[in-house]
Amino acid sequence: MPRRLLLAILLLIAAPLVLLGWSSVRGLRNENLIAKQRLTQLLEQRLLESEPALRAVIDRYERDLSTRLAVLSGPKLLDALRDLERTDPIVRSTLLLQASGAVVHPAEPLSDELSQRNRYAALLSLAASRPAISQAGDSTLTKSAPVLRPLWQPWFMDQGLQLVLWMPKENDVVVGILLERSRWIADLIAVSPQSRSDSSSDYPRRTSTPTKETTGYSELVDEQQRTIYRWGDSPPTDLPRLAQVVVAAPLSNWKLCYHGDLATLSPNASATTIWLPLIATLVVLASLGAYVLTSTQRQMRLARDQVSFAGQVSHELRTPLTNIRLYADLAKSDIESLDDSAVKQKIRPRLDVIAQESERLGGLVSGVLEFIRGDSSAAVLHPRNVDLGEAIDQIIEPFLPGFAAAGIVCERQDNHSGLVCIDPNILRIVLVNLLGNVEKYAAQGQYVRVESGVNDAQAIVRVCDRGPGIAAKHRRHVFEAFARLDNSTSAPSGTGIGLAIALAAAKRHGGDLVIKPSSPPGVCFELTLPIKPLAKRDSPCR
Amino acid sequence: MTQLRFFLAIAATMSLYGLTPTTATADQSVGVTATVSTPTMLADQKNMTFLRVALDGPVLIADAKRPPVNVAIVIDKSGSMGGPRIEQAKLAAIAAVERLRNNDIVSIVLYDSVIEVLVPSTKATDRESIIQKIRTVQVGSSTALFAGVAAGAAEVRKFLDRSSVNRVILLSDGIANVGPSSPMELADLGRSLAKENISVSTLGVGQGYNEDLMMQLASASSGNHVFIEDEASLVAIFNREFDTLMSVVASEIRIDIKLPESVRPVRVLGTDASIDGRNVAIPLTQLYSGQNRYFIIELEVNAAAAGKEAKVADVSVSYTNTDSKVRETRQMAVASQFTTSAEVVENDTNLETLAYATVLVSTERNRMATALRDAGKVSEAQALLNINAIDLFKCAASCEAKNVTSVVPMLKENVVENRLQTDEIVDSEKWNSSRKRMIEYQNGNLQQQVYDGGYRSSSTKP
């Protein structure tokens with residue numbers, strides 16, 4: 001029993017802990033998710049801070065090249081384009097197209113060199129794929145004040161993205177400038193933050209603040225996801241990508257990414273936030289459990305003490321009882337040998353009462369012992385052929401003087417005649433208890449009715465009184481040991497185990513003892529005992 | 001190559017006396033010559049000819065006065081540089097910084113997977129603190145070569161003076177693996193930097209670097225490319241690089257060749273020149289003291305009648321004299337005679353020009369041999385090298401016969417080099433190393449580089 005209790009308490013402690021742990025893990029996960037999202041947002045914001053510098057580089061090209069070619073036209077324009085190709089580090093090739101789309105510059109190469117020819121072919125295909133820019137310039141709406149804005153075209157050749165700047169000129173002439181890819185990449189790198197800078201130098205320098213305290217690096221990634229440039233703390237192994245932002249057009253397929261170790265970046269309190277409440281709850285629950293366990297154990301020890309006390313008392317009573325019965329019997333036989341006299345007539349019935357009462361007491365005591373020990377030796381039944389009505393009468397007889405004294409009318413009814421095979425001792429234990437209770441608790445009803453019958457191979461005995469009865473809510477408890485409905489000192493004396501003993505006896509016989517619903521006042525107990533087949537002659541029936 | 005020997009001899013002598021080679025004084029200017037290999041051509045048929053435009057940097061005696069240099073030293077500190085290599089690199093950088101003067105500008109950029117500007121572009125007045133910083137360098141992980149060069153160039157650009165000497169010196173022993181990493185992308189960057197008169201010298205250390213990438217980057221920006229097999233020679237090589245750097249006599253060089261209608265440009269040998277119709281423009285960032293820099297343009301001349309003289313090309317070379325900061329221009333026209341006599345044509349052949357053209361043509365074949373060897377075609381590659389050796393040898397023989405001795409040592413050296421390579425390329429295990437030597441040799445020829453990694457010094461150099 002204590003082990004089961006211990007398990008129950010452990011379960012009681014574990015269940016909320018598991019629940020709490022689970023919910024806090026979930027909460028933590030949610031929190032981490034939110035923190036991660038927030039972190040991603042933060043990192044994206046930081047990455048976005050680097051982005052305008054990149055855009056500024058492209059804008060600068062647009063501005064510089066537009067300015068250089070702004071007012072030029074005709075042969076001067078062609079010379080300017082040749083000069084650009086030759087001297088401007090950012091210019092790789094230039095194109096000059098007429099309104100018809102005819103390529104004025106570059107001219108078809110005279111040289112045999114394959115690289116020159118390939119480049120020419122590539123530039124022709126670039127000219128063919130140019131965006132419709134001139135149409136926008138001379139549409140009827142804008143004819144009065146043509147807005148000749150340069151236009152960027154992303155174009156793919158050689159290693160990847162190439163930038164081409166188209167500039168519409170007067171008379172629908174279009175100038176295209178293919179930028180030197182490596183150069184604008186180098187320029188983008190030059191404006192990007194550096195990894196570690198020399199703080200002692202006089203030159204102001206941009207540093208990568210988001211990566212100062214944690215391991216992580218930022219990257220500029222091209223349209224094929226190749227790293228172009230990296231800055232920050234770069235460990236030997238690659239880290240997962242935590243955030244990315246897209247670079248503005250014309251580099252629209254390029255991205256700025258942040259790679260880092262999430263563990264070092266996210267809030268580090270995860271372990272304590274989860275363990276602290278768990279441990280606190282564990283402590284509270286465990287101390288509560290310990291309290292419950294110890295108090296329950298104390299209660300149980302008390303009950304056990306009560307039982308063992310009752311057992312000891314009963315045991316102690318046995319010997320004097322036996323002696324009383326022995327001497328009562330001796331006195332009776334002594335009296336039989338005396339001459340008849342008035343004294344003898346008076347004494348004999350008194351000795352009989354002594355003998356019967358002591359026998360009843362003996363039965364009670366052995367009932368108590370049996371109940372306490374759960375004695376297997378006592379559990380053996382001794383059924384024999386009995387006349388039910390007669391047996392009941394015998395049991396009632398010793399009570400009659402008491403009933404009479406208390407003014408209780410005892411009514412009898414037997415709905416069966418003949419022999420049944422039951423253990424009369426069981427019947428006795430039960431009835432003695434029930435009648436004793438009537439005498440003790442239901443005397444005010446001044447009535448008891450004992451009826452018997454046989455039904456479906458069961459002997460049925462009912463004991464009904466007109467006493468105060470038992471409230472419905474107590475009915476379940478009256479059969480429990482030491483359950484007394486009134487514990488006040490004014491209550492009638494009693495051990496509190498009578499009905500428990502009676503029920504245990506009935507169960508041992510395979511029968512039952514229940515409270516029958518009856519019209520108040522009073523209470524009506526019904527004992528059912530299964531009947532064994534009748535035995536031959538007077539031998540025990542089995 | 002002769003010039004190289006000569007220069008090295010002088011440099012060696014001068015360093016003996018604790019002197020450094022310096023630049024031209026105002027009265028000494030760059031010599032420009034333009035010649036065709038066939039001053040007389042056969043009449044009434046199309047003729048192929050080589051036009052040679054040569055720039056001779058004047059060799060000058062030591063002078064404490066030299067133009068300031070603006071140099072970015074870009075050092076690879078990726079993991080492979082660990083150990084003695086980074087230590088030697090640091091020593092080399094320190095030695096270089098010690099040679100600077102107060103009005104020079106220096107910056108030091110380190111890169112692994114990310115860029116670190118160790119010393120932002122600054123006047124080299126407090127050299128001791130720069131050296132202190134160099135001493136703190138430790139190795140990192142991967143190799144962001146492109147960004148390293150870009151950052152180095154950005155540092156140089158802060159104090160960019162186009163008429164001065166601007167250089168990024170890249171020291172690397174590894175393959176670029178973060179950022180753009182193809183030889184073409186690096187060449188594009190080099191070409192772009194050359195337009196700003198910034199050149200990139202690439203020093204490849206050990207067996208692990210990508211020689212194609214390093215060579216093309218240097219070549220596109222007229223920088224030097226050197227294969228440093230043993231890091232122990234790093235300090236010496238760095239010193240030589242600085243020797244050349246400090247001996248620049250002309251910068252911002254523009255070479256323009258205008259061809260008449262009757263002449264067609266076929267190609268420019270070994271140089272990525274821009275050919276726009278009949279205008280050929282050749283980029284060159286600088287000319288060193290004592291350097292004989294030349295370009296060979298293959299031309300196709302239309303048929304002309306015998307006895308006629310026809311213009312082949314107008315050559316214009318302009319440059320800034322780094323000492324006087326004066327912009328100087330040389331212009332000349334090259335013409336040819338036409339005759340019906342093959343003998344006259346033969347006799348009139350400019351053997352010197354032909355010899356230089358032969359060297360460049362053989363160098364182009366040498367590059368093809370490298371490609372063939374890459375494809376595992378050893379015998380085909382050997383056949384090409386053999387053709388080279390024979391061609392060069394024949395050329396040397398006819399030069400000797402005609403008493404044109406100035407080019408003979410150069411031709412013979414190339415014969416020897418091609419012969420040696422014929423044997424060296426066989427061994428697959430040594431191919432990595434031989435290939436780096438081959439690339440260095442090719443670049444040396446194409447750029448008339450004034451010094452090399454010194455690999456052949458024991459075998460072929462006097």
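Which residue of S14(B) does B:Asp56 stand opposite? Keep that question in mind while the numbering is set out.

This is a predicted model, in which local features need pLDDT of at least 70 and side-chain atom pairs count only at pLDDT 80 or more, while totals for chains, interfaces and linings use all residues. Residues are numbered from 1 along each chain as its sequence is written, and chains are lettered from A and ligands numbered from 1 in the order in which they are written.

**Stop 1: strand S14 of chain B**

Select residues 292-301 of chain B, which form strand S14. Helices (H or I, at least four residues) and strands (E, at least two) are DSSP runs, numbered from the N terminus. Nine of the 10 residues of S14(B) are buried, so the strand is largely enclosed by the rest of the structure. A residue is buried if 20 or more other C-beta atoms lie within 10 Å of its own, exposed if 12 or fewer, and partly exposed in between, with C-beta atoms placed from the backbone.

Add strand S3 (residues 47-56) of chain B, which runs antiparallel to S14(B) and is joined to it by 10 bridges. Here is the residue asked for at the start: B:Asp56 stands opposite B:Asn292. Now add strand S11 (residues 263-268) of chain B, which pairs with S14(B) in the antiparallel sense over five bridges. Two strands pair if DSSP finds at least two bridges between them. B:Arg267 has B:Glu298 of S14(B) as its bridge partner.

**Stop 2: B:Tyr356**

Select B:Tyr356, in helix H9 (residues 351-374) of chain B. B:Tyr356 is buried, with 27 other C-beta atoms within 10 Å. Beyond its neighbours within four places in sequence, B:Tyr356 is in contact with B:Arg52, B:Tyr294, B:Ile296 and B:Val407. Contact means that the C-beta atoms of two residues, placed from the backbone, lie within 7 Å. From C-alpha to C-alpha, B:Tyr356 and B:Tyr294 are 8.3 Å apart, with their positions 62 residues apart in sequence.

**Stop 3: helix H2 of chain B**

Select residues 84-99 of chain B, the 16 residues of helix H2. H2(B) reaches 23 Å from its first C-alpha to its last, close to the 22 Å expected at 1.5 Å a residue; the expected span is 1.5 Å times one less than the number of residues. Its buried residues include B:Ile86, B:Ala89, B:Ala93 and B:Val97. The elements that the buried residues of H2(B) pack against include strand S4 (69-76) and helix H7 (234-245) of chain B.

**Stop 4: where the chains touch**

Show both chains: 37 residues of chain B are in contact with 40 residues of chain A. On the chain B side, H5(B) gives the largest share, seven residues. By class, this side has 21 nonpolar, seven polar and nine charged residues. Ala, Val, Leu, Ile, Met, Phe, Trp, Tyr, Cys and Pro count as nonpolar, Asp, Glu, Lys and Arg as charged, and the others, Gly among them, as polar.

**Stop 5: chain A**

Colour chain A by pLDDT, the predictor's confidence in each residue, from 0 to 100. The mean for chain A is 81, and 85% of its residues reach 70 or more. Among its elements, strand S5 (residues 174-179) has the highest mean pLDDT, 92, and helix H4 (residues 134-138) the lowest, 46. Over residues 197-213 of chain A, pLDDT stays under 50. Chain A contains 12 helices and 16 strands, and 27% of its 542 residues count as buried.
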